[in-house]
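This report looks at how strands and helices are arranged in a two-chain model. Read it with the structure open beside the text.

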Protein chains: 2
Amino acid sequence: MRVGVFGATGAVGKELVQVLGDRGYPVTELRLFASNRSAGTRIPTPFGEKTIEVYDPASPPKLDLALLAVSGDWSKAHARELVAAGAVVVDNSSAFRLEKDVPLVVPEVNAAAAEGARLIANPNCTTAILAVALAPLHAEFGLRRVIVSTYQASSGAGAEGMQELEDGLREMLVNGGQPRNSVFRHPLPMNLIPHIDSFQPNGYTREEMKVTWETRKIMGLPDLLISCTAVRVPTLRAHAEAVTIETERPVTPEAARRVLSTAPGVKLTDDVENAIYPMPLTASGRYDVEAGRIRSNPVFGDRGLDFFVCGDQLLKGAALNAVQIAEALPVKLAA
Amino acid sequence: MRVGVFGATGAVGKELVQVLGDRGYPVTELRLFASNRSAGTRIPTPFGEKTIEVYDPASPPKLDLALLAVSGDWSKAHARELVAAGAVVVDNSSAFRLEKDVPLVVPEVNAAAAEGARLIANPNCTTAILAVALAPLHAEFGLRRVIVSTYQASSGAGAEGMQELEDGLREMLVNGGQPRNSVFRHPLPMNLIPHIDSFQPNGYTREEMKVTWETRKIMGLPDLLISCTAVRVPTLRAHAEAVTIETERPVTPEAARRVLSTAPGVKLTDDVENAIYPMPLTASGRYDVEAGRIRSNPVFGDRGLDFFVCGDQLLKGAALNAVQIAEALPVKLAA
């Protein structure tokens, strides 16, 4: 399979290359694309050393699979070009996620939606991490209401976001200075920023609405009552989410644990007596989303459940899910 | 007024002394008590340099006001002794908070409950910060359900907690080593720990149940449907909370803003166009609790409201509230 990774020098791009290698994706040829700045750089990959190329719209490369970890604008401009040149495109940006003819896929939840498609959208990181836990609970108990508060890592803003957090903390703790910020709207070290992506007229941020819009689309529940508060926290690369659900049918923690213990993509991480629960410390670098702190929420009587999830933002939240989509494609890719 | 501060060398104790000075509390004599380890140490205060004393149960000091920032065990053993010796005692521990004959007070909400009492409990930090915003909203719209996710700073575990976070971050970022932990159950740097205080049989932590139990008592709503997920985050000294409420009567963001803009102890911090919302960066060191990100939550139709609060854990969450209780005492203290 001829595979191209676009945005190959970014935080997600690097993970894409790594995940392709780790999962033994049948790569026969790997090509890496990035901006002019990195062009010509040679970097080691699980498929040998590769040279970063610049994409030329005048002659799109011949690829079977194009994995895009670039801006929404770039995707809008070039994704369909790559499809026309023969590639199946999995796009990590928000450009096509809500377009009617583009499937938005979390393979554990709606792999079938990708069938026959040649342009597939990879969901928002917070949404992907949530959906793997939410879908099996919906199948068993039915979802009536979902309320989510997020704890989102700096990696959501890319490698630059992680760097800004580390640099700022060093400045505070070593030099006693003030952290600088340009990636984040405010300094993130020792701070929390309840503002990710732009504010919408309804007072929610776009990030918060992505969780609503995309969860509905992935789960095929266009009227699901769901809301989110999205908060950037000073951590590196795993997002956590405190989730409260009201179900259609009675739910117990034991029954929910049983469901989540066999749910694909979920690692039941719920042994509070031994202080085991989802945390960035244990979820970082892992494929599965940790789910734990499962308990009845009395606010919704016998239909209320609380739980906490944590997943690697760069893996299930981005690169892993994209590669899983490629793996799940039921049609043989173009030769 | 002869005032004693117990646990004077701890994070809350230090703030108590500072707040007494800043607010011009009529201190005629200030005595500072701490453990043997600090005994004899002289420390500067707004009331002149003082020497740390060790409390002798055999001869309790003659005080009008005793502010306790000590462990629950210490309070249980000695608070009533201090009352018997003539002091009004404001206890910051959880020892007496749920005792029927001990008022639990957030002065902006239920100052009258302190009337005539000689032992008064200061609430859990998360609860105090929540209550100042919740009470005025309840008065106007009626509360039906409250769902809270917290973002709690290291200061909740005292000065040692703050130190462990800073030391661990330095170890990671300067030496490339692994952070050590003894105060927190897991390393807190770059991590989130959904575990504060001990786990209860119902799967909630004691910290989470404190928010339920104490909010009900302070607000005089013994049947309020309220749940909490409490998470320790790597910040220094301000707690934040994402709050979703369902109200009895229709609520709009505009009406909620109007209510919170004049609520005592609350600073409306809600100008998203200018990226102004509650954050530890702006709430730390301030008396008022910031409230913002106010928006309709469609999960509860026209009765749903989301908001975000942030307050200094050591001030409104502890020392400030205790001094405010002392200020609010309607009876003249014993001479």
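In this predicted model, Ile43(A) has Lys50(A) of β4(A) as its bridge partner. The two strands involved, β3(A) and β4(A) (residues 50-53), pair in the antiparallel sense over two bridges. Helix α1 of chain A (residues 11-22) packs on the sheet and touches β1 (2-6), β2 (29-33) and β5 (65-68) of chain A. Helix α2 of chain A (residues 72-84) also packs on the sheet, where its contacts are β1, β5, β6 (88-91) and β7 of chain A.

The sheet in question is open and has seven strands, in the order β3-β4-β2-β1-β5-β6-β7 (chain A), with mixed pairing. At its edges are β3 (42-43) and β7 (119-121) of chain A, each of which pairs on one side only.

Chain A is divided into domain 1 (2-123 + 319-328) and domain 2 (127-313). Their C-alpha centres lie 25 Å apart. Across the boundary, 18 residues of domain 1 of chain A are in contact with 17 residues of domain 2 of chain A.

Chain B offers another sheet to follow. Six strands form this open sheet in the order β9-β8-β10-β13-β12-β11 (chain B), again with mixed pairing. The edge strands β9 (225-229) and β11 (266-268) of chain B each have a single partner strand, so one side of each is left without a neighbour in the sheet. From one strand to the next, the twist averages 25°. Within the sheet, β12(B) (residues 289-296) and β13(B) (residues 304-312) run antiparallel and are joined by five bridges. Here Gly292(B) stands opposite Phe308(B) in β13(B). Two helices of chain B that pack on this sheet are listed below.

| Helix | Strands touched | Angle between directions |
|---|---|---|
| α6(B), residues 206-219 | β8 (143-151) and β9 of chain B | about 145° with β9(B) |
| α7(B), residues 253-261 | β11, β12 and β13 of chain B | about 165° with β12(B) |

The last topic is a helix pair between the chains. The axes of α5(A) (residues 158-174) and α5(B) (residues 158-174) come within 10 Å and cross at roughly 120°. These two helices, α5(A) and α5(B), are therefore oblique to each other. Their crossing is left-handed. On α5(A) the contact is made by Glu166(A), Leu169(A), Arg170(A), Leu173(A) and Val174(A), and on α5(B) by Glu166(B), Leu169(B), Arg170(B), Leu173(B) and Val174(B). By class, the contact of α5(A) with α5(B) has six nonpolar, no polar and four charged residues.

Notes:
Residues numbered from 1 in each chain as written. Chains lettered and ligands numbered in written order. Predicted model: local features only at pLDDT ≥ 70, side-chain atom pairs only at ≥ 80, totals over all residues. Heavy atoms only, no water. Axes fitted to C-alpha atoms, helices over the stretch in contact; angles between N-to-C directions. Helix = DSSP H or I, 4+ residues; strand = E, 2+ residues; numbered from the N terminus. Parallel < 35°, antiparallel > 145°, perpendicular 65-115°, else oblique. Left-handed = near helix turned anticlockwise from the far one by under 90°. Contact = heavy atoms within 4.5 Å. Nonpolar A, V, L, I, M, F, W, Y, C, P; charged D, E, K, R; others polar. Pairing = 2+ DSSP bridges. Domains from an automatic or database assignment.
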